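Here's a walk through the fold, the helix packing and the empty spaces of a model. Have the structure open as you read.

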Amino acid sequence: MKLGIIGPAGSGKTTVFEALTRDFAGMGAKNETRLGTIHVPDPRIDALSDMYRPRKTIYAQVEYLLPGKKEGKKEAGADLGWVQAIRDVDALCVVIRNHAHMGFGPPDPPADFSSIEQELILTDLAAVEKRMERLEADAKRGKAADREEQELLVQCRSALEQEAPIRRFPEIAGAKQLKGYALLSAKPVLILFNNADEDETPPPDTAGVFDDAFCMVIRGKLEHELAQMSPEDAAELLEEFNIPAPATDRIIRKSYETLGLISFFTVGDDEVRAWTIEKGTSALDAAGKVHTDIQKGFIRAEVISYDDQIAAGSAAAARKAGAFRLEGKTYTVKDGDIINFRFNV
Ligand SMILES: Nc1nc2c(ncn2[C@@H]2O[C@H](COP(=O)(O)OP(=O)(O)OP(=O)(O)O)[C@@H](O)[C@H]2O)c(=O)[nH]1
Ligand SMILES: [Mg+2]
């Protein structure tokens, strides 16, 4: 699962990308699209790993994509480079400047975010209208129309014409018939307000322009510095600014949440592992993540919540206390479930 980092010029996109991925290729790499895969930090995996001392510990992963500049030049007059680059990401991470910066006017997060939102909406509107024209032309040539798709397109167009992002309408944003269009305003959004080092205040939002997004205040420059330091130096800096921990872990976890993802765990002496699923996934589909054979031969899922296992102190103690549940194929897996699939092949 992938997040695309976008935002106005100079808002701190590169700074944030580098702090998150610890890929310090430098600001010189502006032209190239950069992609970083990182572990999702999870204290629950750390604790389970301490409990089982497995040979391997595997965390969930997310990817961040930072569009390069060079593609943008192809379309005269329009900065469409990032639009093409983020077509296939699963969510958008929008970096918005919320600090004074030389050569720029005072920060205005609502205006900056609105202008990004506008670009998303106009790009989608163009895509939707083009598709509608195509369907009309097909209909004239006698090709049967997909009524449901047409209906959805009409709904999209009317929302977009009223300047509403599609993500505001979950039933449209999640519709199968629209998946192929990869509408930008349908993607979930995480806004990172990039504050100055000493400032933790989120920007005011009287017009409610941030309502359809996840929001977080970060200090990009500080995080970038922290990410490059030795643990000792980082600890010193954190103390100086009175910060309990770097924000990168929280940003990554928030990204995971923005993507609508949760984790279940499998445990053992060999491996403690986090598996990534979408919210609402059934035990049968979760089994398929681990192995198709386990899905095919699924009998039952033996489930205990992470909290119950930790409270019991060990799997054996939890079993004695009757904390394990046997669940069937249709059970909806919860975040933090520890699962042992029973299956035959
Ligand atoms: N004071 C302050 N400056 C920052 C912060 N984050 C980034 N900057 C500075 O702002 C400038 C732009 O940051 P970048 O990360 O290059 O921004 P960008 O969005 O990638 O910029 P473009 O790629 O040119 O659009 C750099 O000089 C950073 O050092 C911050 O939190 N506080
Ligand atoms: Mg940049």
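## The second largest pocket

Let's start with a pocket: 25 residues line the second largest one, and Asp90, Ala173, Lys179, Ala186 and Pro188 are the ones that lie nearest its centre. Keep in mind that you're looking at a predicted model.

The volume of this second largest pocket comes to about 720 Å³. What sort of residues make up its lining? Sorted by class, there are 14 nonpolar, 3 polar and 8 charged residues around the second largest pocket.

## The sheet

Now for the strands. Six of them, in the order E2-E4-E1-E5-E6-E7, make an open sheet with mixed pairing. Strand E2 (34–39) and strand E7 (214–218) each have a single partner strand, so they stand at the edges, with one side of each left without a neighbour in the sheet. On average, and ignoring direction, neighbouring strands here are turned by 25° against each other.

Take a look at the E7 end. Strand E6 (residues 189–195) pairs with E7 in the parallel sense, over 5 bridges. If you want a spot to zoom in on, Leu190 stands opposite Phe214 in E7.

## Helices on the sheet

Which strands does helix H1 lie across? Helix H1 (residues 13–21) lies across strand E1 (2–6), E2, strand E4 (61–66), strand E5 (91–98), E6 and E7, and runs at about 35° to E2.

Helix H4 (residues 109–140) packs on the sheet too, touching E1, E5 and E6. The direction of H4 makes about 150° with that of E5.

## Helix against helix

A word on how to read the next numbers: two packed helices are described by the angle between their axes and the distance between those axes.

First up, H1 packs with helix H7 (residues 220–228) at an angle of about 35°, and their axes are 8 Å apart. H1 passes H7 in a left-handed crossing. On the H1 side the contact is made by Thr15, Glu18 and Ala19, and on the H7 side by Gly220, Lys221, Glu223, His224 and Ala227. That contact of H1 with H7 divides into 2 nonpolar, 3 polar and 3 charged residues.

Next, H4 and helix H5 (residues 147–161) pack at about 145°, with 10 Å between their axes. The crossing of H4 past H5 is left-handed. From H4, the residues Ile121, Asp124, Leu125, Val128, Glu129, Arg131, Met132 and Leu135 meet Glu149, Gln150, Leu153, Val154, Cys156, Arg157, Leu160 and Glu161 in H5. By class, the contact of H4 with H5 has 9 nonpolar, 1 polar and 6 charged residues.

## An enclosed space

How many cavities of 30 Å³ or more are there? The count comes to 1. About 30 Å³ of space lies in the largest cavity.

To find it, look for Val40, Asp42, Ala60, Arg253, Tyr256, Ser263 and Ala274, which line the largest cavity. The lining of the largest cavity divides into 4 nonpolar, 1 polar and 2 charged residues.

Technical notes. Residues numbered from 1 in each chain as written. Chains lettered and ligands numbered in written order. Predicted model: local features only at pLDDT ≥ 70, side-chain atom pairs only at ≥ 80, totals over all residues. Heavy atoms only, no water. Pairing = 2+ DSSP bridges. Helix = DSSP H or I, 4+ residues; strand = E, 2+ residues; numbered from the N terminus. Axes fitted to C-alpha atoms, helices over the stretch in contact; angles between N-to-C directions. Contact = heavy atoms within 4.5 Å. Left-handed = near helix turned anticlockwise from the far one by under 90°. Nonpolar A, V, L, I, M, F, W, Y, C, P; charged D, E, K, R; others polar. 1 Å grid on protein atoms, 1.4 Å probe; cavity = no way out; pocket = protein on both sides within 12 Å on 5 of 7 lines; lining within 4 Å. Points joined across faces, edges and corners; volume = space filled by probe spheres on them.
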